[in-house]
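Me: Please give a close account of the pockets in this model, with attention to what lines them.

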Amino acid sequence: MARDEQLKERWEAVVVLLSDRFADGDKLDLDAIIYLIGVQELGQLHRTFKKDEKINLMHIAICRLLEPFGYYEFELFDDKGWPHYKILEQLPPLKAGEQSVLMKEAIVQYFVEKEVIK
């Protein structure tokens, strides 16, 4: 199977799984999935987040997702339990479509590593 085809199939599996579980089947978009990963990585699942915290959750997710690609490295948890990452390498300039593909690849890899999908 071609790499692009495999990514597309795995991405759809992630979208269906998370949409069924968290959105009553309404299709979640990329940002919503990044947000859910941020909540998972923070580990404070049963609380309401303020607007600025939601942005921070997405940042946590992006750092965690791009860590295996060598862009970020986990640094520490602060006194409130929030993870912090340091930048190892600046992301190259990417067009919107390229950013989307990179994030989808990273998300699929994340769920494969977590053994949620194959």
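Reply:

**The pockets and their linings**

The largest pocket of this predicted model has a volume of about 440 Å³. Its lining comprises 16 residues, and those closest to the pocket centre are Leu18, Arg21, Phe22, Leu36 and Gln40. Three helices each supply at least two residues of this lining: H1 (3–22), H2 (30–42) and H4 (96–113). Helix H2 gives the largest share, with five residues. Sorted by class, the lining of the largest pocket holds twelve nonpolar residues, three charged residues and one polar residue.

The second largest pocket encloses about 160 Å³ of space. It is lined by Leu30, Asp31, Ile34, Ile62, Leu66, Leu91, Pro92, Leu94, Gln99, Leu102 and Met103. Here at least two lining residues come from each of H2, helix H3 (51–66) and H4. Nine residues of the lining of the second largest pocket are nonpolar, one is polar and one is charged.

Helix H2 thus deserves a further remark, as a contributor to the lining of the largest pocket and to that of the second largest pocket. Ala32 belongs to this helix. Its relative accessible area is 22%, so Ala32 is classed as partly exposed, given that buried requires a value under 20%. Between Ala32 and Leu18 the C-alpha to C-alpha distance is 9.6 Å, while the two are 14 residues apart in sequence. Leu18 is itself among the residues closest to the centre of the largest pocket.

Technical notes:
Residues are numbered from 1 along each chain as its sequence is written. This is a predicted model: local features need pLDDT of at least 70, side-chain atom pairs count only at pLDDT 80 or more; totals for chains, interfaces and linings use all residues. Side-chain values use heavy atoms; hydrogens and water are left out. On a 1 Å grid over the protein atoms alone, a cavity is a set of points where a 1.4 Å probe fits but cannot get out, and a pocket is an open set with protein on both sides within 12 Å along at least five of seven lines; lining residues have an atom within 4 Å of a point. Grid points are joined across faces, edges and corners, and a volume is the space filled by probe spheres set on the points. Helices (H or I, at least four residues) and strands (E, at least two) are DSSP runs, numbered from the N terminus. Ala, Val, Leu, Ile, Met, Phe, Trp, Tyr, Cys and Pro count as nonpolar, Asp, Glu, Lys and Arg as charged, and the others, Gly among them, as polar. Buried means under 20% relative accessible area, exposed over 50%, partly exposed in between (1.4 Å probe, protein chains only).
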